[in-house]
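Visitor: I am new to this structure and should like to learn how to read it. May we go through it feature by feature?

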Amino acid sequence: MKTSIVKEKSYTFALHVIHLARWLRERREYELAGQVLRAGTSIGANIEEALAGISRPDFVAKMGLASKEARETYYWLRLLRDSKITPSEQIHSLIDDAQELLRILTSIVKTSQQGKSTHNSKLKTPN
């Protein structure tokens, strides 16, 4: 089975998000911990589902959801940094990782959608 870079990166990212959420809960930041935990772990879950997709539209839809979750996670991480709830040096690498996942997922979705439109145009027959 071929290794998926985005699958591995999202899994490692989720592990780091879990540690951040634990740290936040120790500081009684329960709501923010829950938000970042849900969004940050959902990225990988949607990627796993996409890789098991039964069709190209299913794959694109699930990768699109993963991209949206990456964007949401990026928001929560920036909010934690800028509100000074989490020290900038502690969260900096997670923010960078979220940006990287977002770029990869955006590229996957765009490429997959282009492949779909190219494929569909080849199926059309002239009248």
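Guide: Let us begin with a pair of helices in this predicted model. The crossing of H1 and H2 is left-handed.

Visitor: At roughly what angle do the axes of H1 and H2 cross?

Guide: The axes of H1 and helix H2, residues 30-51, cross at roughly 165° and come within 9 Å. Angles over 145 degrees count as roughly antiparallel, and H1 is therefore roughly antiparallel to H2.

Visitor: How many residues has helix H1, and what does H1 span?

Guide: Helix H1 covers residues 5-26, which is 22 residues. From first C-alpha to last, H1 reaches 32 Å, close to the 32 Å expected at 1.5 Å a residue. After H1 comes Arg 28, with a positive phi near 65°.

Visitor: Which residues of H1 are buried?

Guide: Among them are Val 6, Phe 13, Val 17, Leu 20, Trp 23 and Leu 24. Ser 10 also belongs to the buried residues of H1.

Visitor: Is Ser 67 buried or exposed?

Guide: Buried means under 20% relative accessible area; Ser 67 has 12%, so Ser 67 is buried. Ser 67 lies in helix H3, residues 56-82. Beyond its neighbours within four places in sequence, Ser 67 is in contact with Leu 102, Leu 105 and Thr 106.

Visitor: Where does pLDDT stay under 50?

Guide: Where pLDDT is low, the predicted coordinates should not be read in detail. Here pLDDT stays under 50 over residues 117-127, and the model has zero contacts for that stretch beyond four places in sequence. For the chain, the mean pLDDT is 89, with 88% of residues reaching 70 or more.

Key: Residues numbered from 1 in each chain as written. Predicted model: local features only at pLDDT ≥ 70, side-chain atom pairs only at ≥ 80, totals over all residues. Heavy atoms only, no water. Helix = DSSP H or I, 4+ residues; strand = E, 2+ residues; numbered from the N terminus. Buried < 20%, exposed > 50% of the residue type's maximum accessible area, 1.4 Å probe, protein only. Contact = heavy atoms within 4.5 Å. Expected span 1.5 Å × (residues − 1). pLDDT = per-residue confidence, 0-100. Axes fitted to C-alpha atoms, helices over the stretch in contact; angles between N-to-C directions. Parallel < 35°, antiparallel > 145°, perpendicular 65-115°, else oblique. Left-handed = near helix turned anticlockwise from the far one by under 90°.
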